[in-house]
2 protein chains.
Amino acid sequence: MLNLSRHPTTVYQAIADQLETEVRSQWRSGDFLPSEKQLAERFGVNRHTLRRAVDELVNKGLVQRRQGKGILVLTRPWDYPLHAQARFSQNLMEQGSHPTSERLLAVIRPANTEVAAALGIEEGSDAIHLRTLRRVDGVPVSVINHWLPNLEHWPTLRAFSQGSLHAFLQQHLSLTVSRAQTRISARRAQAKESKLLEIALHAPLLCVRTLNLRDDNQQVAEYSVSLTRADMIELTLEH
Amino acid sequence: MLNLSRHPTTVYQAIADQLETEVRSQWRSGDFLPSEKQLAERFGVNRHTLRRAVDELVNKGLVQRRQGKGILVLTRPWDYPLHAQARFSQNLMEQGSHPTSERLLAVIRPANTEVAAALGIEEGSDAIHLRTLRRVDGVPVSVINHWLPNLEHWPTLRAFSQGSLHAFLQQHLSLTVSRAQTRISARRAQAKESKLLEIALHAPLLCVRTLNLRDDNQQVAEYSVSLTRADMIELTLEH
DNA sequence: CGAAATTTGTTCGTATGTATA
DNA sequence: TTATACATACGAACAAATTTC
């Protein structure tokens, strides 16, 4: 009855495998699975064992428990090709210059420790803060926070609404910038990020911090931190 | 007895909070906690309840279970100050040339699809496969798989046991190599990787795929895939 | 080397609490 | 209010991995 072909280690694991297959094929985002009681009866196991199996799906981000309601399916179609076939590649040097971005936020706010250190300004002093969301084929892939120390650019920048920020700086402020340093790390998606990027809580994100200098005087022009869905994008670098 | 000050919701949560405090203050990486039986008796709860509390710490990546042994503490003091202060930086260009690596594996085996494509050989034909583990201050940070297409190097390479692979190639085979392409992605740690790197299951890993060419004739000399603890290492790139 | 003891992992059962419809 | 469904907690037993003797 159960698929025990690959790793027939435990009962709950076999049930988890079976449930994952069903969730990925015959259930859709927003659906609720049958109740734990029903599923336990169907598989002929104790409800604890069934719960342990569902735990696996919860940890994989495929379903969510809702007390009093049921087990919510989160499956997204691009969850299937876990292998890198369906990934997009992005050149690491193209940070901040994607024509497909939309602006989510544009404010002036005090710089925190990290931003102040990067921009070379005093902690708590004002800086321009933009947030953009980049999509590929309509799917959100990166949320990028940009900070700029030069407040004189604010009247112009607040008009930025979509497209490439670097192209905008060039066009409206005659400002050309180049990358001085790039730092790459990875971490799990937190609540806000998982909502923006439409992914599971704790899904892995690539984090790229870039410092951009003005070409003319080598002053810091922009500091950006991009968070990119690691299941969608791979960074490349040619030497 | 238990710290119920903040979220006194459940027994297991209160125990988890208490254990987390203790793990962060009085235990060190590599220690084993008292047995579940002892802890359950100490807190006056059933072993299931104690296990549910430890589950919380496992999910946070603070401890790891080892069947038959105990509960391993992984405390990383840099877990809370989410700022990257305590991180080590690694230049992205230094892939494969770390003097602190130890060899875990050295075999000849058929290349799978990915490796064959990278090395430019036929799928299923033999290649040299090395696996190394890199540590920083004794803490495992990267596991690296290296594949080399030239089987003539095997008699020499099988003697490689520790240190920098690239230095070894240079010294014993007069082979100098350079990076041609680098691809960077991120994913969650799977079971084997989390054990090797002593991190939580599903902890984020940076994955760097590098293609190295011989300097003399530009032939593919080595393809490597490194998996690095994202909580420990940050990749940097100066331009 | 092997048997026993220890420790974590899995599975059953039962009961009660809490959130939702 | 009642019924349903998930959440927590206790108890018992055995399996599997590791260490110890």
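This text walks through a predicted model of two protein chains and two DNA strands.

Start with DNA strand C. The protein surrounds DNA strand C with 22 residues. The closest are Val11(A), Tyr12(A), Thr49(A), Arg47(B) and Arg65(B). Both chains are thus named in that short list. Much of the approach is to the backbone of the strand: sugar and phosphate make up 70% of the atoms of DNA strand C that come within 4 Å of the protein.

Which elements supply the surface near DNA strand C? From chain A, helix 1 (11-26) and helix 3 (47-59) each give at least two residues. From chain B, helix 3 (47-60), strand 1 (63-66) and strand 2 (70-73) do likewise. Helix 3 of chain B gives the most, with three residues. By class, this surface has four nonpolar, 11 polar and seven charged residues.

Individual atoms fill in the picture. On the phosphate side, Arg65(B) places a polar side-chain atom 2.6 Å from a phosphate oxygen of DNA strand C. Glu36(B) also reaches a phosphate oxygen of DNA strand C, but with a backbone N or O atom, at 2.8 Å. A base is touched too. An N or O atom in the side chain of His48(A) lies 3.0 Å from a base oxygen of DNA strand C.

Now turn to DNA strand D. Around DNA strand D there are 22 residues. Those that come nearest are Arg51(A), Val11(B), Tyr12(B), His48(B) and Thr49(B). Sugar or phosphate holds 73% of the atoms of DNA strand D within 4 Å of the protein, and bases hold the rest.

The elements near DNA strand D again come from both chains. Chain A supplies at least two residues from each of helix 3, strand 1 (63-66) and strand 2 (70-73). Chain B does so from helix 1 (11-26) and from helix 3. Helix 3 of chain A has the largest share, three residues. The class counts for this surface are four nonpolar, 11 polar and seven charged.

What does His48(B) reach on DNA strand D? An N or O atom of the His48(B) side chain is 2.7 Å from a base oxygen. Two backbone approaches join this one. A polar backbone atom of Asn46(B) sits 3.1 Å from a phosphate oxygen of DNA strand D. A polar backbone atom of Gly68(A) sits 3.5 Å from a sugar or linking oxygen of DNA strand D.

Next, the protein interface. Here 28 residues of chain B contact 29 residues of chain A. The two chains bury about 2500 Å² between them. Carbon and sulfur atoms account for 53% of that area.

Side chains of opposite charge can pair when their charged atoms come close. Four salt bridges cross the interface of chain B and chain A. One salt bridge joins the side chains of Arg209(A) and Glu234(B), with N to O at 3.6 Å. Polar contacts between chain B and chain A come to five residue pairs, counting those with both residues at pLDDT 80 or more.

On the chain B side, strand 7 (177-188), strand 8 (204-214) and strand 10 (233-238) each give two or more residues to the interface. Strand 7 of chain B has the largest share, 10 residues. The chain B side that touches chain A is made of 13 nonpolar, seven polar and eight charged residues.

Strands also pair from chain to chain. Strand 7 (residues 177-188) of chain A pairs with strand 10 of chain B in the antiparallel sense, over four bridges. Within strand 10 of chain B, Leu237(B) stands opposite Thr182(A).

Salt bridges are also counted over the whole model. Over all chains there are 29. One of them joins Glu20(A) to Arg24(A), whose closest N and O atoms are 3.1 Å apart. Why do these two sit about one helical turn apart? The reason is that Glu20(A) and Arg24(A) are four residues apart in helix 1 of chain A.

Finish with a backbone detail. Most residues other than glycine have a negative phi. Gln218(A) has a positive phi of about 65°, although it is not a glycine. Gln218(A) is in the loop between strand 8 (204-214) and strand 9 (220-229) of chain A. In chain B, Gln218(B) has a positive phi of about 60°, and it is not a glycine either. Gln218(B) is placed in the loop between strand 8 and strand 9 (220-229) of chain B.

How values were computed
Residues are numbered from 1 along each chain as its sequence is written. Chains are lettered from A and ligands numbered from 1 in the order in which they are written. Side-chain values use heavy atoms; hydrogens and water are left out. A residue is near a molecule or strand if one of its heavy atoms lies within 4 Å of it. A polar contact is a pair of N or O atoms within 3.5 Å; within protein, one must be able to donate a hydrogen and the other to accept it, and residues adjacent in sequence count only if both atoms are side-chain atoms. Ala, Val, Leu, Ile, Met, Phe, Trp, Tyr, Cys and Pro count as nonpolar, Asp, Glu, Lys and Arg as charged, and the others, Gly among them, as polar. Contact means heavy atoms within 4.5 Å. Buried area is the accessible area (1.4 Å probe) that two parts lose on being put together, summed over both. Two strands pair if DSSP finds at least two bridges between them.
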